[in-house]
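Please open the model in a viewer and keep the selection panel at hand. The stops below proceed from a pocket to the surface.

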Amino acid sequence: MSLFAAFSICRVAKDVAGIAGNVFAFGLFVSPIPTFRRIMRNGSTEMFSGLPYIYSLLNCLICLWYGTPLISADNLLITTVNSIGAVFQFVYIILFLMYAEKAKKVRMFGLLLAVLGVFAIILFGSLQINDALTRRFFVGFLSCASLISMFASPLFIIKLVIQTKSVEFMPFYLSLSTFLMSTSFLLYGIFNNDAFIYVPNGIGTILGLIQLILYFYFESKSRENSREPLIVSYA
């Protein structure tokens, strides 16, 4: 196989992995819709927190900026997935603000302004760096740190599942989407030789796999217990 043919195969494989990652990420982006249907139906945010959407917006904005040609070359699919993600998170935040009580609304609006301010500082600060490689490393480290902390957030759920021996608070399709998306972008990063993509998504793949293993383990345990015959004693 010629070097050109091998390079062409890698490019095709990278694009396929990136497109798959976009598709699986869409499953994650739409997962809060049932929550917001409930919020809109009840006219209140109840005990729901808006922090996950604030943090996800910041993560999407940083990764979107990393994927642009001004920061890293040939990462269009990183830009597309995070552009879509940012739009979803922004819509969720607006809906949350519409139905939140006054105190929560003020706090959420302040956090939204803070996120936009932080992103503006990152954007304009990185543009002040003349050396393209240094600029890429600066934004790349920020996006990598943001992704790793996002993927680490399910550690609380994993601990809860182990403690309660129940998968009630760990939806299967959410865990599956996380695993498939992380795996897709892990391969994308490897084919594109981009450590700022494959390192955090490699961690996400491992954590997603752990969630799936725990899900099937405790789900099978639950089914086994439900099949056990009841012992009725008569006094």
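**The largest pocket and its surroundings**

Begin by selecting helix α3, which supplies 8 residues, the largest share of the lining of the largest pocket. Please bear in mind throughout that this is a predicted model.

Next, display the pocket itself, which holds about 1,500 Å³ of space. To find its centre, select Ser31, Pro52, Ser56, Ser153 and Leu174, the closest to that point among the 42 lining residues. Then colour the elements that each give two or more residues to the lining: α1 (3-29), α2 (33-42), α3 (51-67), α4 (76-99), α6 (132-152), α7 (155-164), α8 (172-191) and α9 (195-227).

What is the division of the lining into nonpolar, polar and charged residues? Colouring the lining by residue class gives 28 nonpolar and 14 polar residues, with no charged ones.

**Leu76**

Move now to Leu76, which is placed in helix α4. Is Leu76 buried or exposed? Its relative accessible area is 61%, and Leu76 is therefore exposed, the cut-off being over 50%. Add Asp15 to the selection and draw the C-alpha to C-alpha distance: the two residues lie 9.6 Å apart in space, although 61 residues apart in sequence.

**A nonpolar patch**

For the final stop, select Leu70, Phe124 and Leu127, which together make a nonpolar surface patch of about 300 Å². Phe124 belongs to helix α5 (residues 102-127). Why does Phe124 count as exposed? Phe124 does so because its relative accessibility is 52%, where exposed means over 50%.

Conventions: Residues numbered from 1 in each chain as written. Predicted model: local features only at pLDDT ≥ 70, side-chain atom pairs only at ≥ 80, totals over all residues. Heavy atoms only, no water. Patch = residues over 30% accessible without salt bridge, like charges linked within 9 Å, V, L, I, M, F, W, Y side chains within 5 Å. Areas by Shrake-Rupley, 256 points an atom, 1.4 Å probe, with all protein chains shown as cover. Salt bridge = Lys/Arg side-chain N within 4 Å of Asp/Glu carboxyl O. Helix = DSSP H or I, 4+ residues; strand = E, 2+ residues; numbered from the N terminus. Buried < 20%, exposed > 50% of the residue type's maximum accessible area, 1.4 Å probe, protein only. 1 Å grid on protein atoms, 1.4 Å probe; cavity = no way out; pocket = protein on both sides within 12 Å on 5 of 7 lines; lining within 4 Å. Points joined across faces, edges and corners; volume = space filled by probe spheres on them. Nonpolar A, V, L, I, M, F, W, Y, C, P; charged D, E, K, R; others polar.
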